[in-house]
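Trainee: I should like a close look at a single helix and its surroundings. Please explain how its residues are arranged and what follows the helix.

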Amino acid sequence: MTTLAPPQIRAPKQQSNRRQQTLWTIGLCAFFLAAIILSTWVIGDAGLSPVLIQRNQPPSLAHPFGTDWLGRDMLTRSLHGMSLSLRVGLLAATASALIATLLGLAAGTLGGWVDAVICWIIDVCFSLPHLVLLIMVAFAVGGGTRGVIIAVALTHWPSLARVIRAEVLQVNSSDYVQLSYRLGHSPAWIARHHMVPHVVPQLLVGLILLFPHAILHEAALSFIGIGISPHLPAIGIILAESMRHLSTGYWWLGVMPGLLLLLSVKAFDWLGENLRALLDPRTSQG
């Protein structure tokens, strides 16, 4: 009897500590990303103006990210660029998640030839090189910010659509859904009242996990010159410009913005994984 008491006492405390740690991680990641997006309104545009007497300075207390070849503060440029990339990535990922939700619900609810066509489209998208497809779509729609959003939205939905379709198929085989069919409810009514509540957690987690891919691919398109306009300080443009100066020893021009991009992507990744652990009944109670 006494040997069983300690595990019974510690288990609820361990579960509470794990849940608190997950909530703290979600809060810190959300705060970090919100701070980057809102930083442009706080720091303003002062550091974006050229100051030739301060050019090519390494990182210091006055300029934590150093200055570039025109004397512009790299921290200010990097925050402006990351904020722009995050906003573009959020918009593109949201549009892609909506496409995935609609197609996943249609495939799982309607079935038949609709499911076959959607699955065929998903397989075709997976069979094509992702970056090549992304470049082709962005180039076809004219590039720029609009081209990046359209390209990312049209190329990032297949994985999430497959997850939502699998969830809908599982719910569709349940007794209460089959009873709704026998009562004469339409597939649209069943999708709205039975399917959507079950796919919301998968949609939310999938949407957050789409953000890192959207941000990285936006930066890649801007890096090769068919993304956001070069007159805007997007993170991909900053990295592309820094490539010409890395060989001269100005390492901070590429390393510091790249590090900020890496931290932002990992923050989204940690946010999505911890949110999945929080929403998943198998892990939230374990």
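Mentor: A residue is called buried when its relative accessible area is under 20%, and exposed when that area is over 50%. The model considered here is predicted. With these cut-offs, helix H4, which spans residues 130-140, has Leu133, Leu134, Val137 and Ala138 as buried residues. These four lie on the same side of H4, because they cover an arc of only 130 degrees around the axis. The spacing reflects a general property: an α-helix has 3.6 residues a turn, so residues three or four places apart point the same way. The other side of H4 carries Met136, Phe139 and Ala140, which are exposed.

What do the buried residues of H4 pack against? Their partners are helix H5 (144-155) and helix H8 (187-224). After H4 comes Gly142, with a positive phi near 100 degrees.

Helix H8 also leads to a further contact, between aromatic rings. Phe211 in helix H8 is paired with Phe268 in helix H10 (residues 252-279), and this pair links parts of the chain 57 residues apart. The geometry is edge-to-face, with 4.9 Å centre to centre and 65 degrees between the planes. Both Phe211 and Phe268 are buried. Thus H8 takes part in the packing of the buried residues of H4 and, through Phe211, in a ring pair with H10.

Terms used
Residues are numbered from 1 along each chain as its sequence is written. This is a predicted model: local features need pLDDT of at least 70, side-chain atom pairs count only at pLDDT 80 or more; totals for chains, interfaces and linings use all residues. Side-chain values use heavy atoms; hydrogens and water are left out. Buried means under 20% relative accessible area, exposed over 50%, partly exposed in between (1.4 Å probe, protein chains only). Helices (H or I, at least four residues) and strands (E, at least two) are DSSP runs, numbered from the N terminus. The arc is that of the directions from the helix axis to the C-beta atoms. Contact means heavy atoms within 4.5 Å. Rings of Phe, Tyr and Trp (its six-membered ring) pair if their centres lie within 6.5 Å; planes under 30 degrees apart count as stacked, over 60 as edge-to-face and the rest as tilted.
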